[in-house]
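Okay, thanks for making time, everyone. I'd like to walk you through one structure today, so let me put it up on the screen.

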Amino acid sequence: MNITIIGTGYVGLVSGVCYAEIGNDVICVDKDPYKIDMLNKGKVPIYEPGLKELIATNRLAGRLAFTSNLSNAVRHSDIVIIAVGTPPLPNGEANLSYIDQAAIEIAKAMNGYKIITVKSTVPVGTNERLAKLIKSHTNMAFDSISLPEFLREGSAIQDTLYPDRVIIGAEYQNAADTMVQLHKPLTQNIVVTDIRSAEMIKYASNAFLATKISFINEIANICEKVGADVTKVAEGMGYDKRIGSSFLKAGIGYGGSCFPKDTSALIQIAGNVDYEFKLLRSVVEVNQDQRFNVIRKLETIFDGELNGTTIAVWGLSFKPNTDDVRESPALEIIQHLVDNGVRVKTYDPVAMESFQSLFGKEGVIWCEDAMEAAQDADALCLLTEWHEFAKVDLHELQKVLKQPILIDGRNVFNEEQVLGTGFIYYSVGR
Ligand code: UGA
């Protein structure tokens with residue numbers, strides 16, 4: 001099939017490459033000529049394992065192209081997929097201006113019937129509104145499809161090529177059938193439904209996963225007080241198929257560009273129809289507070305006096321295998337430390353630059369490697385569970401730290417590993 005994807009962010013780029021990989025002819029469009037230029041030179045603007053190689057092989061095979069000429073790309077394709085960002089507005093609602101703009105440009109470029117598909121996460125009712133917007137700018141026939149995306153950063157290729165399910169929200173059977181054909185090579189689990197339900201499935205899924213995380217984080221907080229071990233509690237719960245073992249890792253809370261944005265948006269969506277989503281409000285509140293457990297632990301250790309201490313921070317991205325630091329708990333934790341007179345030394349294997357662009361370069365000591373960050377620090381806080389941190393030699397680490405204090409915000413180490421090394425070790429819910 002001939003497919004055009006508008007937007008070369010995480011979702012657009014990864015989906016485009018994966019549709020090409022299963023044999024389709026794909027053009028990825030972005031209005032940022034610099035990004036397109038990079039991609040055409042074989043450079044990838046985001047860090048995602050496996051992406052660069054897949055782009056290269058599919059370009060070579062002639063199945064994948066990049067352009068900033070939206071009109072030509074739309075004319076070339078039968079299916080146009082919108083995958084532009086829907087960043088949160090200050091009130092938590094999704095900003096739909098990029099989507100609207102894309103829809104108008106597609107409408108103006110149309111040269112015949114198209115299936116216009118929205119992959120971006122949009123509030124319930126948006127696809128219907130977009131259809132009206134497109135109609136007001138073209139006489140050409142088209143069908144609207146809602147195709148919510150469930151890929152995770154860091155395992156985006158795997159998630160797209162082997163998805164748990166594909167959701168197709170459609171008004172008419174023919175367009176739905178074409179989309180089913182397109183996705184058949186990827187999975188048997190294809191749910192075809194109406195457009196509003198498809199839009200809702202995306203928000204409900206992310207809200208549910210966020211709820212699991214906040215739930216286990218609160219259980220962890222209680223475990224600390226009653227002397228239980230949350231990793232064992234989660235394991236014991238997870239064997240129950242009705243509960244499932246995933247997303248029960250306690251830590252410093254979720255971040256990223258999706259859960260924080262989508263939970264706020266769903267609270268808004270509910271509020272707009274006079275429904276207060278009390279449970280989800282609590283999920284967000286718990287998540288916001290969870291990161292401060294790291295600070296509270298430090299304050300307990302240093303008798304409330306952090307001023308003048310040197311604290312090492314390992315990990316800046318919101319999770320491993322990505323350079324994405326959006327809504328990363330590390331942002332607020334480091335800001336709090338800096339505001340309280342702490343000398344912060346930090347290191348992340350890939351997210352230093354992206355962190356600096358959000359946080360600024362001042363006030364923090366940026367280190368070349370993990371040991372350099374730990375050197376002469378009064379305590380070390382581990383905020384992202386990068387594999388290289390788990391492999392570190394604890395005896396070596398103890399030698400470089402001024403005081404052997406380790407706050408493990410992601411339960412990377414187990415207590416047996418740390419016991420006997422002389423570390424004063426704090427983890428989450430154990
Ligand atoms: C999430 C969803 O998992 C995807 O299905 C969805 O497509 C995506 O949002 C989106 O809406 O675009 P992502 O944000 O990439 O994907 O990352 P996750 O792997 O889901 O992790 C989110 C956050 O939850 C991270 O900060 C992670 O550290 C945290 N987390 C995850 C936990 O604290 N504990 C867990 O057990 C799992």
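Let's start with contacts. If you take the contacts in the protein with a separation of 6 or more, 71% of them are between residues 24 or more positions apart. Keep in mind that this is a predicted model. In terms of burial, 45% of the 430 residues count as buried.

For the secondary structure, we've got 19 helices and 14 strands. The radius of gyration is 23 Å, and the globule rule gives 22 Å for 430 residues, so the protein is as compact as a globular protein of that length. If you want a box around the C-alpha atoms, along the principal axes that's roughly 70 × 45 × 35 Å.

Now, domains. How is the protein divided? There's domain 1, residues 2-193, then domain 2, residues 202-289, and domain 3, residues 291-426. Domain 1 and domain 3 have their C-alpha centres 38 Å apart. They do touch, though: domain 1 puts four residues into that contact and domain 3 puts in seven. On the domain 1 side, we're looking at two nonpolar residues, one polar and one charged.

Okay, on to the inside. In soluble globular proteins, nonpolar side chains tend to be buried together. Here the largest nonpolar core has 81 residues, and the ones touching the most other members are Ile6, Ile82 and Ile106. Helix α9 makes the largest contribution to this core, 10 residues. And where does the core lie? Both domain 1 and domain 2 give residues to it, so it lies between them.

Let me zoom in on Ile82 for a second. Leaving out residues up to four places away in sequence, Ile82 touches Ile6 and Gly7, then Ile99, Ala102 and Ala103, and also Thr117, Val118, Lys119 and Ser120. There's also a second, separate core, this one of 40 residues, and among them are Val342, Ala351, Phe355 and Phe389.

Right, the ligand, which I suspect is what some of you came for. Which residues come nearest to it? There are 21 residues around the ligand, and the nearest are Glu153, Lys249, Tyr254, Gly256 and Cys258. If you sort that shell by class, you get 10 nonpolar, five polar and six charged residues. Domain 1 and domain 2 each put at least three residues into the shell. As for helices, α9, residues 195-226, and α11, residues 259-272, each supply at least two. Helix α9 gives the most, with three residues. That's the helix we just met in the core, where it also had the largest share.

Let me finish with a few individual residues, beginning with two loop positions that have unusual-looking labels on my slide. Asp274 sits in the loop between α11 and α12. Its phi is near 60°, which is a positive value in a residue other than glycine. Asn411 has a positive phi as well, near 50°, and again it's a residue other than glycine. You'll find Asn411 in the loop between β13, residues 405-408, and α19, residues 415-418.

So, buried or exposed? Let's take Asp274. Asp274 is exposed, with 6 other C-beta atoms within 10 Å. Asn411, on the other hand, is buried, with 21 other C-beta atoms within 10 Å.

Then three residues in helices. Lys52 is in helix α3, residues 51-60. It has 14 C-beta neighbours inside 10 Å, so Lys52 counts as partly exposed. Val17 is 35 residues away from Lys52 along the chain, and their C-alpha atoms are 9.7 Å apart.

Gln335 is in helix α14, residues 329-339. Gln335 is partly exposed too, with 15 other C-beta atoms within 10 Å. Between Gln335 and Val364 there are 29 positions along the chain and 9.4 Å from C-alpha to C-alpha.

Last one: Lys399, in helix α18, residues 394-400. Lys399 is exposed, with 12 other C-beta atoms within 10 Å. Take Asp324 as its partner, 75 residues apart in sequence, and the C-alpha atoms are 31 Å apart.

Okay, that's my tour. Questions?

Notes: Residues are numbered from 1 along each chain as its sequence is written. This is a predicted model: local features need pLDDT of at least 70, side-chain atom pairs count only at pLDDT 80 or more; totals for chains, interfaces and linings use all residues. Helices (H or I, at least four residues) and strands (E, at least two) are DSSP runs, numbered from the N terminus. The radius of gyration is taken over C-alpha atoms; the globule rule is 2.2 Å times the number of residues to the power 0.38. A residue is buried if 20 or more other C-beta atoms lie within 10 Å of its own, exposed if 12 or fewer, and partly exposed in between; C-beta atoms are placed from the backbone. Two residues are in contact if their C-beta atoms, placed from the backbone, lie within 7 Å. A residue is near a molecule or strand if its C-beta atom, placed from the backbone, lies within 6 Å of it. Ala, Val, Leu, Ile, Met, Phe, Trp, Tyr, Cys and Pro count as nonpolar, Asp, Glu, Lys and Arg as charged, and the others, Gly among them, as polar. Domain bounds come from an automatic or database domain assignment. A nonpolar core is a set of buried Ala, Val, Leu, Ile, Met, Phe, Trp, Tyr and Cys residues joined through C-beta atoms within 7 Å.
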